[in-house]
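The following paragraphs lead the reader through the structure shown below, beginning with the contacts of a single residue and proceeding outward to the strands.

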Amino acid sequence: MIREMKEEDLDAVEAIEAELFPADAWTRENFLYELKENPFAHLIVFEKEGKIRGFADYWITYEISQLSDIAVTESSQNQGIAKAMLAWMLKGADEAGCENMSLEVRRSNAPAIHLYESHGFIQAGVRRRYYTDGEDALLMVCPLGGKYDEVTGN
């Protein structure tokens, strides 16, 4: 089940973030800022059997949407959770009148790139040495504007 993130979810969210992104993990303060102070942020969690299996944070800033963070526990990967959360966010951004959604992804993260491409994202650029370890990020963009179909992902 996908639902809005609550402050009570932060222990689980922090654990997932630390598991998957040890070098670049967001802190509790980062998540609290997003939850309580950033008027553009929309945070969601994927909960199954009473346990948080994944989460995402995306921003809607007028006609632009930005996916800032998405993660699924290693034990829950390859079960369609990221796909479901991505579809949720794209639909929400489309319904809010956004023209597109953008994101950065590690150049080496082939599974994520494949997921994004399957939902209509295209590579729009490269952010050199974007990550703290020096790896480049691909800038990817998905056009929306009423075109997104939750069922097909296009």
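In this predicted model, F121 is a suitable point of entry. Leaving aside residues up to four places away in sequence, F121 is in contact with L86, L90, M101, L103, Y116, M140, V141 and C142.

F121 also belongs to the largest nonpolar core, a set of 28 residues, in which L67, M85, M89, M101, Y116 and F121 touch the most other members. At least two residues of this core come from each of β2 (41–48), β3 (51–61), β4 (64–72), α3 (81–95), β5 (100–106), α4 (110–118) and β7 (137–143). The largest share is that of α3, with 6 residues. Separate from this assembly is a second core, comprising 11 residues, among them L10, V13, F31 and L43. In soluble globular proteins, nonpolar side chains tend to be buried together.

The strand β4 merits particular attention. Of its 9 residues, 7 are buried, and β4 is thus mostly covered. β4 runs antiparallel to β3, to which it is joined by 8 bridges; within this pairing, G54 has V72 of β4 as its bridge partner. The hairpin formed by β3 and β4 has 2 residues between the strands, and Y62 adopts a positive phi near 60° there.

β4 is also paired with β5: the two strands run parallel and are joined by 3 bridges. Here S65 stands opposite M101 of β5. Between β4 and β5 the chain passes through α3, and the resulting β-α-β crossover is right-handed. The helix of this crossover, α3, is the element that supplies the largest share of the largest nonpolar core, and M101 is in contact with F121.

Notes: Residues are numbered from 1 along each chain as its sequence is written. This is a predicted model: local features need pLDDT of at least 70, side-chain atom pairs count only at pLDDT 80 or more; totals for chains, interfaces and linings use all residues. Side-chain values use heavy atoms; hydrogens and water are left out. A nonpolar core is a set of buried Ala, Val, Leu, Ile, Met, Phe, Trp, Tyr and Cys residues joined through side-chain atoms within 4.5 Å. Buried means under 20% relative accessible area, exposed over 50%, partly exposed in between (1.4 Å probe, protein chains only). Helices (H or I, at least four residues) and strands (E, at least two) are DSSP runs, numbered from the N terminus. Contact means heavy atoms within 4.5 Å. Two strands pair if DSSP finds at least two bridges between them. A crossover is right-handed if, with the strands pointing away from the viewer, the path from the first strand over the helix to the second runs clockwise.
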